[in-house]
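Hi everyone, thanks for coming along. Let me put the model up on the screen, and then we can walk through how its chains fit together.

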Protein chains: 6
Amino acid sequence: MPYVNIKITRDGVTAEQKARLIKGVTDLLVEVLDKNPATSMVVIDEVETDNWGIGGESVTLRRQRG
Amino acid sequence: MPYVNIKITRDGVTAEQKARLIKGVTDLLVEVLDKNPATSMVVIDEVETDNWGIGGESVTLRRQRG
Amino acid sequence: MPYVNIKITRDGVTAEQKARLIKGVTDLLVEVLDKNPATSMVVIDEVETDNWGIGGESVTLRRQRG
Amino acid sequence: MPYVNIKITRDGVTAEQKARLIKGVTDLLVEVLDKNPATSMVVIDEVETDNWGIGGESVTLRRQRG
Amino acid sequence: MPYVNIKITRDGVTAEQKARLIKGVTDLLVEVLDKNPATSMVVIDEVETDNWGIGGESVTLRRQRG
Amino acid sequence: MPYVNIKITRDGVTAEQKARLIKGVTDLLVEVLDKNPATSMVVIDEVETDNWGIGGESVTLRRQRG
């Protein structure tokens, strides 16, 4: 019955990559904790780089600086 | 002062349905816990079906399989 | 497949009250959005009053002030 | 290593305002808790006013009522 | 820079199992999305079974029913 | 009406420090976005170091390694 929320920057992640994340996290929960996959949820949030900060500045600005 | 976050798949939920969710959850908090509705918040997140996984696969794929 | 997170202050909410919240929110999702209750999750987080702020101060301090 | 999530209504907040929020929250974590800014994350979620409820109704409706 | 939040029921998960979850999720983010592990965060929340509902009832009650 | 969630490791943060975080974040929302402090919420979650991972390992292990 686990619930997993993955937050990443919006960077053109494909449906295929999202499917791999969902599968990989679910397999991990089964393997490590013996959870039932049928009730394991994974939700992926894609966040604009202006809206994500690290080190006190947005990812947009960090990338511009290189 | 409760805060409630509802995550659902993005499926054309109408403003009227959202209003019913907000009203219903707030009424429930008042009824069960005697909370003050004036400071009760409800935030609804709509998530693309590619980004929501259950049973190890995305909702998009589950629906395609029928 | 909805996921609902309810955050409330830790104030001696009983298991019976929590059960009513879980039931009430799930019923609402079925009624308003025709969701499948079998895959509807509700998670309740109880938060210490020192850790919850509103109006710029903690709930602990607001209550002391009366 | 803190993680901060700020949820606000989607109201035309500019990249410059977001940058000030990210900087301000990070500085606060450094000042109050002596956290390392390099691993301090801030994620801003902007929420449609139909999807945000307070006092049992959506922000959209509250604003229409004035 | 991803942030992952894993919510599970509080069921005596060991530090070693948590370490495997943290390692597994981080490896997955590197493998699928080429993320930098140094700024990838994983936070595990353990939730009392009274506070987790599925199918309209708490996990505590579901387990009692068997 | 903003909602802010601050996640930090559980490290003996005092009520006074929490009060400063709550006040500081609320002031920032007023200053940058002209938000109403009366309906601005801040919730602080303290997370065990076993449950927080960065760089693929728990904070507990990172600190042991020094």
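**Sheets and interfaces across the chains**

Let's begin with an open sheet of eight strands, ordered 4(A)-3(A)-2(D)-1(D)-1(F)-2(F)-3(C)-4(C), in which the pairing is mixed. At its edges sit strand 4 (57-58) of chain A and strand 4 (57-58) of chain C, each pairing on one side only. When I say strand or helix, I mean DSSP runs numbered from the N terminus: E with at least two residues for strands, H or I with at least four for helices. Two strands pair if DSSP finds at least two bridges between them.

Some housekeeping before we go further. This is a predicted model, with local features needing pLDDT of at least 70 and side-chain atom pairs counting only at pLDDT 80 or more, while totals for chains, interfaces and linings use all residues. Residues are numbered from 1 along each chain as its sequence is written, chains are lettered from A and ligands numbered from 1 in the order in which they are written, and side-chain values use heavy atoms, leaving out hydrogens and water.

Back to that sheet. Strand 3 of chain C is joined to strand 2 (residues 41-47) of chain F by three bridges, and the two run antiparallel. Within strand 2 of chain F, the residue opposite Trp52(C) is Val43(F).

Now a second sheet. This one is also open, with eight strands in the order 4(B)-3(B)-2(A)-1(A)-1(E)-2(E)-3(F)-4(F) and mixed pairing. Here the edge strands are strand 4 (57-58) of chain B and strand 4 (57-58) of chain F, each paired on one side only. Inside it, strand 2 (residues 41-47) of chain E and strand 3 (residues 52-54) of chain F are antiparallel, with three bridges. Val43(E) has Trp52(F) as its bridge partner in strand 3 of chain F.

In the middle of the order, strand 1 (residues 3-9) of chain A pairs with strand 1 of chain E, antiparallel, over five bridges. There, Tyr3(A) stands opposite Lys7(E).

That takes us to the interface of chain E and chain A. How many residues of chain E are in contact with chain A? There are 26 of them, and they touch 26 residues of chain A, with contact meaning heavy atoms within 4.5 Å. The size of an interface is often given as the accessible area lost when the parts come together. For chain E and chain A the buried area is about 2,300 Å², 72% of it on carbon and sulfur atoms; that is the accessible area, for a 1.4 Å probe, lost on putting the two parts together and summed over both.

On the polar side, chain E and chain A share two salt bridges, where a side-chain nitrogen of Lys or Arg lies within 4 Å of a carboxyl oxygen of Asp or Glu. One that we can point to links Arg20(E) and Glu31(A), with the closest N and O atoms 3.9 Å apart. Helix 1 of chain E gives the largest share of the side that touches chain A, 10 residues.

Next, chain C and chain B. This contact takes 26 residues from each of chain C and chain B, and the two bury about 2,300 Å² between them, 73% of it on carbon and sulfur atoms. Met1(C), Val32(C) and Leu33(C) supply 25% of the area that chain C buries here, more than any other three residues. The rule finds two salt bridges across this interface as well, and Glu31(C) meets Arg20(B) in a salt bridge at 3.9 Å, N to O. Helix 1 of chain C supplies 10 residues, the largest share of the side that touches chain B.

The strands join in too: five bridges connect strand 1 (residues 3-9) of chain B to strand 1 of chain C, and they run antiparallel. Tyr3(B) has Lys7(C) as its bridge partner.

Keep your eye on Tyr3(B) for a moment. A pair of aromatic rings is described by the distance of the centres and the angle of the planes. Over all chains, the structure holds three aromatic pairs; rings of Phe, Tyr and Trp (its six-membered ring) pair if their centres lie within 6.5 Å, and planes under 30 degrees apart count as stacked, over 60 as edge-to-face and the rest as tilted. Tyr3(B) and Tyr3(F) form a stacked pair, 3.5 Å centre to centre with 5° between the planes. Tyr3(B) lies in strand 1 of chain B and Tyr3(F) in strand 1 (residues 3-9) of chain F, so this pair joins two chains.

Finally, which chains miss each other? No contact joins chain B and chain E, whose closest C-alpha atoms lie 14 Å apart. Chain A and chain F have no contact either, with their closest C-alpha atoms 14 Å apart.
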